[in-house]
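Colleague: I am new to this structure and would like a close look at a single part of it, the pockets and the elements around them. Please take me through that part slowly, in one connected answer.

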Amino acid sequence: MRPSPKTDALVAVDTALRPAGFVRRGHVWLQERGGGVSGWLGFGIAGALDLTPLAGVCFRHYDEVCRTLGVGIPTTPVVSAPLGHLTPDKPVWKWTFTPGGDHASVAASLVAAFLKHGKPYIDKYAKWDTLARELVAKPESLLDFERARKLAIIHLLGGNAGAAREALQKETERVADRRDAYARSHRALVHRFEIAFPG
């Protein structure tokens, strides 16, 4: 059976990424950077073959706390950004692979743009202290539904369990009158946090 056009496109991307040290793991590509840190590349896929690259960074110690709390998915980046957001003038947000077209040249263009604009983003945030300091200083850079969880874990990993509880409490107060799925999920997270990290 012949692979699908989407598979063909992703194989071309995989081939172009390999020299940069990115290895496919399921639906994402990871670059081991040592010390439990991985560069991350994922794609939003629209239509048949429009790929929107996203650059990010994963940390094993962050994943371990997430696992303890029963949240998140392993090797999900702590931060990520669409490649088009990281390019200066006239950003290209997607690369289109035409069925039966020259996938190698499109993949080469995508990877070249990723290495030029996405890799510096990864290089910057692959340093945990830099990332943690920036997210604590600019919590508004995190999405509403992830802000309290990420800040709590960052504070916990920094040895400040009090600040972690404070971030969770602030969100608990914000959603106190809500009964939607997010509010219930947040309250469950707080409960698991208190069990896993008492005191």
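Modeller: Let me start with a definition that will be needed further on: a disulfide is a pair of cysteine sulfur atoms within 2.5 Å. The model shown here is a predicted one, and every value below is computed from it.

Some orientation comes before the pockets. The chain has 199 residues, of which 41% are buried, and its C-alpha trace spans about 60 × 35 × 35 Å along the principal axes. Its secondary structure comes to 8 helices and 6 strands, and these follow one another along the sequence in the pattern α-β-β-β-β-α-β-α-β-α-α-α-α-α.

The largest pocket holds about 590 Å³ of space. Its lining is made up of 26 residues, and those that lie nearest the centre are Val78, Val79, Ser80, Glu146 and Lys150. Sorted by class, this lining has 15 nonpolar residues, 5 polar ones and 6 charged ones. Several elements contribute to it, since at least two lining residues each come from helix 2 (60-69), strand 5 (79-82), helix 3 (83-86), helix 4 (103-125), helix 5 (128-137) and helix 6 (144-157). The largest share, 4 residues, is that of helix 6.

Of these elements, strand 5 deserves a look of its own, given that Val79 and Ser80 are among the residues nearest the centre of the largest pocket. The strand has two faces, a covered one with Val79 and Ala81 and an uncovered one with Ser80 and Pro82. Strand 5 runs antiparallel to strand 4 (residues 50-59), to which it is joined by 4 bridges, and across this pairing Ala81 of strand 5 has Ala55 opposite it.

Helix 2 and helix 5, which each supply at least two residues to the lining of the largest pocket, are also linked to each other by an aromatic pair. By the rule used here there are 6 aromatic pairs in total. In one of them, the ring centres of Tyr62 and Trp128 are 6.4 Å apart and the planes stand at 45°, so this pair is tilted. It connects distant parts of the chain, because Tyr62 belongs to helix 2 and Trp128 to helix 5, with their positions 66 residues apart. Both of these residues are buried, and together with Phe59 they form one aromatic cluster.

Another tilted pair is that of Phe193 and Phe197, with 5.3 Å from centre to centre and 50° between the planes. Phe193 is buried, with a relative accessible area of 2%, whereas Phe197 is partly exposed, with a relative accessible area of 21%.

This is also where the opening definition is needed, for Cys66 and Cys58 are the cysteines to consider. The structure holds 0 disulfides. Why does Cys58 form no bond with Cys66, the closest cysteine? The two sulfurs are 11 Å apart, which is too far for a bond. Seen from the other side, Cys66 is likewise in no disulfide, the nearest cysteine sulfur being that of Cys58. Cys58 counts as buried because its relative accessibility is 3%, and Cys66, at 5%, counts as buried too.

Helix 4 is another contributor to the lining of the largest pocket, and one of its residues is Leu115. At 34% relative accessibility, Leu115 counts as partly exposed. Its C-alpha atom is separated by 8.2 Å from that of Ala20, although the two residues are 95 apart along the chain.

Finally, helix 6 leads on to the second largest pocket, which has a volume of about 310 Å³. This pocket is lined by 13 residues, with Pro139, Arg147, Leu151, Ala167 and Lys170 nearest its centre. Helix 6 and helix 7 (161-174) each supply at least two residues of this lining, and helix 7 gives the most, with 6 residues. By class, the lining of the second largest pocket has 6 nonpolar, 1 polar and 6 charged residues. Helix 6 therefore takes part in both linings, being among the suppliers of the largest pocket as well as of the second largest one.

Notes. Residues numbered from 1 in each chain as written. Predicted model: local features only at pLDDT ≥ 70, side-chain atom pairs only at ≥ 80, totals over all residues. Heavy atoms only, no water. 1 Å grid on protein atoms, 1.4 Å probe; cavity = no way out; pocket = protein on both sides within 12 Å on 5 of 7 lines; lining within 4 Å. Points joined across faces, edges and corners; volume = space filled by probe spheres on them. Nonpolar A, V, L, I, M, F, W, Y, C, P; charged D, E, K, R; others polar. Buried < 20%, exposed > 50% of the residue type's maximum accessible area, 1.4 Å probe, protein only. Phe/Tyr/Trp six-rings, centres within 6.5 Å; stacked < 30°, edge-to-face > 60°. Pairing = 2+ DSSP bridges.
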